[in-house]
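Me: I am new to this structure and would like a close look at its salt bridges. Could you walk me through them, and then show me a little of what surrounds them?

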Amino acid sequence: MARNTISKVFILLSITVLFTQCKHKQVRYLPIIGISTVDKANGDTIYHTIANFTTTDQLGQVVTQDTFRNKIYVANFFFVTCPGICKQMNEELERVQKSFAGNGKVKFASFTVNPEYDSIPVLAEYAKLHDAVPYQWYFLRGDKQQVLDLARHSYLAETEGYLVHSQNLTLIDSKGRIRGVYSGLVTTDVDRLIKDIQLLLKEESENNS
C-alpha cells in the first residue's frame, strides 16, 4: 500500500515538473540574427544586441536605446535630401507605422546619416511629410561617427567610408536583438515585415504570460 502511495506521489511530481517546464519554455517564431557566444560560467547563449546610443529626435528630445526598452522597433538609415531610395523606403515604413497605429509596443527609429544638413527643424518637416506619429516614429540625429558605428556594428548595415548604403529595415525585439532584415524597396518584403512584427508581438506576449 505504501509502495502504491509512493508511486502515485512520484507520478504526480513528474507531471507537475513536466507541466512547469512546458509552461516556462520560451517560444520563438523568428530567428535571432547576429553572431552569438556561450557564457562559459553558466552555459547561457549571449546574443548580439544593439549598443547604447544618444541621439536627438525631430522634437528636440534626447532619445537613447533605453527609449526602446521593452519595445519592438524597426530601424533604418536615411538622409532627407536623398531623392530615390530613402524616399521610397520611408514611404513603405509609413505604411508599416499605419498598420500598428495606437500600438504602444511598436516603435520606429530612422537615423539620419547626414546630420550636417538634417537639423532638428529639417527632420521635423520631414517627419510631417510621412505622417510620423510623435513618440512612435523617431527621426534621429546624432554624431555622424556614432551613427556610422551603429549602422556597421549594431544594426549590421552595409557601410562604405562615411556613407551607409542600406535600403534595409531592421526588426529589433524588446531585448535589443535583431529578429529580421527586410528590403524597404520591395513591397512584398515590407508585407513580410508587417506579418513578422505581429509574430514577434505574439511571441513576446506568450513568453511574458
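Reply: Here is a tour that starts with the salt bridges and then moves on to a pocket and two buried residues.

A word on the ground rules: this is a predicted model, where local features need pLDDT of at least 70, side-chain atom pairs count only at pLDDT 80 or more, and totals for chains, interfaces and linings use all residues. Residues are numbered from 1 along each chain as its sequence is written, and side-chain values use heavy atoms, with hydrogens and water left out.

Side chains of opposite charge can pair when their charged atoms come close. The term salt bridge is used here for a side-chain nitrogen of Lys or Arg within 4 Å of a carboxyl oxygen of Asp or Glu. By that rule, the structure holds 15 salt bridges.

Let us begin in helix H2, which covers residues 85-99. (Helices are DSSP runs of H or I with at least four residues, strands are runs of E with at least two, and both are numbered from the N terminus.) Here the side chains of Glu91 and Lys87 form a salt bridge, at 2.6 Å from N to O. About one helical turn separates Glu91 and Lys87, because they sit four residues apart in the helix. Glu91 has a relative accessible area of 37% and is partly exposed; Lys87, at 43%, is partly exposed too. (Buried means under 20% relative accessible area, exposed over 50%, and partly exposed in between, using a 1.4 Å probe and protein chains only.)

Next come Glu116 and Lys144, whose side chains meet in a salt bridge of 3.9 Å, N to O. This pair links distant parts of the chain, 28 residues apart: Glu116 is in the loop between E6 and helix H3 (120-129), while Lys144 is in helix H4 (residues 144-154). Glu116 is exposed at 59%, and Lys144 is partly exposed at 25%.

Helix H4 also holds Asp149 and Arg152, three residues apart, or about one turn of the helix. They form a salt bridge, with their closest N and O atoms 3.9 Å apart. Asp149 is partly exposed at 31%, as is Arg152 at 32%. Elsewhere, salt bridges that share partners join Asp173, Arg177, Arg179 and Glu203 into one network.

Arg177 and Glu203 also help to line the largest pocket, whose other lining residues include Gln26, Asn70 and Lys175. (A pocket is an open set of points on a 1 Å grid over the protein atoms alone, where a 1.4 Å probe fits and protein lies on both sides within 12 Å along at least five of seven lines; lining residues have an atom within 4 Å of a point.) The volume of this pocket is about 230 Å³, counted as the space filled by probe spheres set on the points, which are joined across faces, edges and corners.

Finally, two buried residues. Ser110 lies in strand E6, residues 106-112, and has a relative accessible area of 0%. Leaving out residues up to four places away in sequence, Ser110 touches several residues, among them Phe78, Leu93 and Trp137; contact means heavy atoms within 4.5 Å. Thr170, in strand E10 (residues 168-172), is buried at 6%. Beyond its neighbours within four places in sequence, the contacts of Thr170 include Tyr73, Tyr155 and Val181.
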